[in-house]
Structures are given as C-alpha cells and as structure tokens.
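Hi,

Here is the structure I promised to pass on to you. Have a look at it first, and then read on for what I found.

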Amino acid sequence: MRESARSDWESFWRRGRKPGEIYDNRGRVTEEILGRIGLEGSVTLEVGCATARDSDGLASHGAVPVGLDYSPAAIALAREATGGRVLLVRGDALA
C-alpha cells in the first residue's frame, strides 16, 4: 500500500471542485453525534477536516468546533465554506 503524502492532498484540494462534489455526507456525522451527546458549548476537534463540513454542522448545533488539516488548500476551502464558524488550524496531528 502506498503512503499518502502531503503533496498528494495538496494536489487533490487544488483541483477546483466544489466541496459538495467531493464529500457529501448529508449531515450523517452530525446526526450520529447528536444522537449520543449534547453539543451546546462543547469544544470539538475534527482531525483531517478537509472542507470542515462536519465541523460546520456541529457549529450549527452549538458546538465550538476546531478543524485541523495539514493542507493549506484544504484550509482555504474550509475557510470559504464555513464562513468563520469553525476555528481552522493548519497542522499535522501526527507531528
């Protein structure tokens, strides 16, 4: 199996597709979490957030979401898609 490299992801996110064309979970992650815990005021961390769509969904239910990704292109897409509702951090969770 080939290991994923940062350059692979950077290339992927720079292709110019809209987030909905890449990852359309239709709120499944948010619904699953809401079925287990209350989100109001909870700080959440989405590691490898990409477009941060899951974090954005959590924010709409009162969470204080943080999205982490090592791709600058993904962070740029997430910033545009979430409109400031998610604190976005560029970094590597394995570092």
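To start with a small puzzle: which residue just after H5 takes a positive phi? That residue is Gly83, with a phi of about 60 degrees. Before going further, please keep in mind that this is a predicted model.

Now to the sheet. Three strands make up an open sheet, running S1-S2-S3 in order, with parallel pairing. Strand S1 (43-47) and strand S3 (87-90) are the edge strands, each pairing on one side only. From one strand to the next, the twist averages 20 degrees. Five bridges join S1 to strand S2 (residues 64-69) in the parallel sense. If you would like to find the register on screen, look for Val47, whose bridge partner in S2 is Leu68.

Helix H5 (residues 72-82) packs on this sheet, where it touches S2 and S3. The direction of H5 makes about 175 degrees with that of S3. Which residues of H5 are buried? They are Ala73, Ala74, Ile75, Leu77, Ala78 and Thr82. These buried residues pack against S2 and S3, and also against H1 and H4.

Next, the pockets. The largest pocket holds about 240 Å³ of space. It is lined by 13 residues, and Trp9, Val47, Gly48, Asp69 and Tyr70 are the closest to its centre. Val47 is thus a residue to look at twice, since you have already met it as the bridge partner of Leu68. Helix H1 (6-13) and S2 each supply at least two residues of this lining. By class, the lining of the largest pocket has eight nonpolar residues, three polar ones and two charged ones.

The second largest pocket has about 160 Å³ of space. Of its 10 lining residues, Asn25, Arg53, Asp54, Asp56 and Gly57 are the closest to the centre. Which helix gives the largest share of this lining? It is H4, with four residues. Helix H4 (53-59) and H5 each supply at least two residues here. The lining of the second largest pocket divides into two nonpolar, five polar and three charged residues.

So H5 is a good place to begin your own tour: the helix packs on the sheet, its buried residues pack against H1, H4, S2 and S3, and it supplies at least two residues to the lining of the second largest pocket.

Enjoy looking around!

Best wishes

Conventions. Residues numbered from 1 in each chain as written. Predicted model: local features only at pLDDT ≥ 70, side-chain atom pairs only at ≥ 80, totals over all residues. Heavy atoms only, no water. Pairing = 2+ DSSP bridges. Axes fitted to C-alpha atoms, helices over the stretch in contact; angles between N-to-C directions. Contact = heavy atoms within 4.5 Å. 1 Å grid on protein atoms, 1.4 Å probe; cavity = no way out; pocket = protein on both sides within 12 Å on 5 of 7 lines; lining within 4 Å. Points joined across faces, edges and corners; volume = space filled by probe spheres on them. Nonpolar A, V, L, I, M, F, W, Y, C, P; charged D, E, K, R; others polar. Buried < 20%, exposed > 50% of the residue type's maximum accessible area, 1.4 Å probe, protein only.
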